[in-house]
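This briefing concerns the nonpolar cores and aromatic contacts of one structure. The sequence and model are shown first.

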Amino acid sequence: MRFLIIAALLWIASATPAMGASAPAGQPVRPGRVEVGLYLLNLGGLDTGTGTYTMDLYLSFHCDRPCDPSHFEIMNGRVTHSVAVDNKSQQKVFRIQAALVAPINLRDYPFDSHKLSFIIEDGNVAARGALGQTIDEQIYLVDPTRTAVSPLVQVTGWTVDPHWRAATSDNVYPTFKEIYSRYEFSLRIVRPLLTAVLKVLLPAIFLVIVGLLGLLLAPDKVTQRLTVGTSALVGSVLLHLNLTSTIPPVGYLTFADKFMLINYVPLVLAVAATVWMLWLTDRKQDARAHRVHIISGVVIPVVWIALQGVNLLTL
């Protein structure tokens with residue numbers, strides 16, 4: 001009897017773990033959660049012609065279980081140098097230097113700003129002979145406590161916006177019918193306002209004002225008036241060529257292009273009105289020449305101001 005009781009207790013003890021293990025076996029495995037942090041040390045090498053730049057940063061991964069998220073891929077560039085700083089079972093930290101690329105839109109030049117990003121996804125793992133982990137296996141989360149930008153980060157000729165952004169999203173690949181978790185860190189650089197005004201707008205405005213001052217000359221000074229107008233027009237064309245040489249060739253008009261094209265309108269009208277006055281004066285039609293002088297002196301500046309106002313509203 002005692003033998004039977006001991007045997008029954010042993011059977012119950014051995015069966016209990018087996019029954020407990022069978023319950024979670026049928027349940028879906030929760031994907032691993034990886035908190036990603038990024039500390040930007042340096043940003044440089046910006047080329048607006050190609051959209052390339054470099055980032056020097058610390059990239060950290062903190063997992064909710066033992067993991068290996070080190071096989072990530074940079075989706076908008078490549079790693080030029082990488083060093084593992086911390087390599088614990090649930091924490092990985094890397095010092096990374098990367099060559100990156102971003103789309104550059106110069107439509108608002110010289111008041112343009114650009115978004116520079118660092119984007120990663122879990123990548124191809126040759127060691128285990130498999131593709132990256134989908135969202136069913138691993139998801140990225142933003143770690144705000146370990147994400148920041150060094151106050152020493154500077155980009156020559158630009159102002160770095162201190163308000164960075166870090167976010168995660170699901171990236172769908174229809175060809176493979178798979179979804180991967182994506183992490184993106186981005187910040188904006190802005191062309192300094194004072195530089196844009198002093199180096200681009202102010203010289204162009206001065207040229208137009210000088211050209212329009214010729215409208216104040218009386219009809220008997222028509223030759224001097226023609227000299228002032230043509231000189232301002234030639235100066236505007238040369239300034240426009242100099243401005244376009246500082247940016248890469250693009251297939252659209254920038255704000256600077258529109259600004260300079262509008263500046264041509266009053267200068268060309270002033271030269272045309274002066275030539276008309278000269279033609280009328282040669283034919284002894286002084287009254288009509290005086291009328292052209294009065295009308296051009298009022299209409300041409302108003303047309304210029306109105307067109308530039310519309311241009312500024314579209315910025």
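At 2% relative accessibility, Tyr140 counts as buried (under 20% relative accessible area, with over 50% exposed and partly exposed in between; 1.4 Å probe, protein chains only). The model is predicted: local features need pLDDT of at least 70 and side-chain atom pairs pLDDT 80 or more, while totals for chains, interfaces and linings use all residues. Residues are numbered from 1 along each chain as its sequence is written, and side-chain values use heavy atoms, without hydrogens or water.

**Aromatic pairs**
- The whole structure holds eight aromatic pairs (Phe, Tyr or Trp rings, the six-membered one for Trp, with centres within 6.5 Å; planes under 30 degrees apart are stacked, over 60 edge-to-face, the rest tilted).
- The rings of Phe61 and Tyr140 form a tilted pair, with centres 6.4 Å apart and planes at 35°.
- Phe61 counts as buried, at 0% relative accessibility.
- Ring pairs join Phe61, Phe72, Phe94 and Tyr140 into a cluster.
- Phe255 and Phe259 make a tilted pair, 6.2 Å centre to centre with 35° between the planes, and both are buried.

**Charges over rings**
- The charged end of Arg107 sits over the ring of Tyr252, 4.0 Å from its centre (CZ of Arg or NZ of Lys within 6 Å of the ring centre and within 35 degrees of the ring normal).
- Arg95 places its charged end over the ring of Tyr58, 5.3 Å from the centre.

**Nonpolar core**
- The largest nonpolar core (buried Ala, Val, Leu, Ile, Met, Phe, Trp, Tyr and Cys joined through side-chain atoms within 4.5 Å) has 31 residues.
- Leu43, Leu59, Phe118 and Ile120 have the most contacts inside this core.
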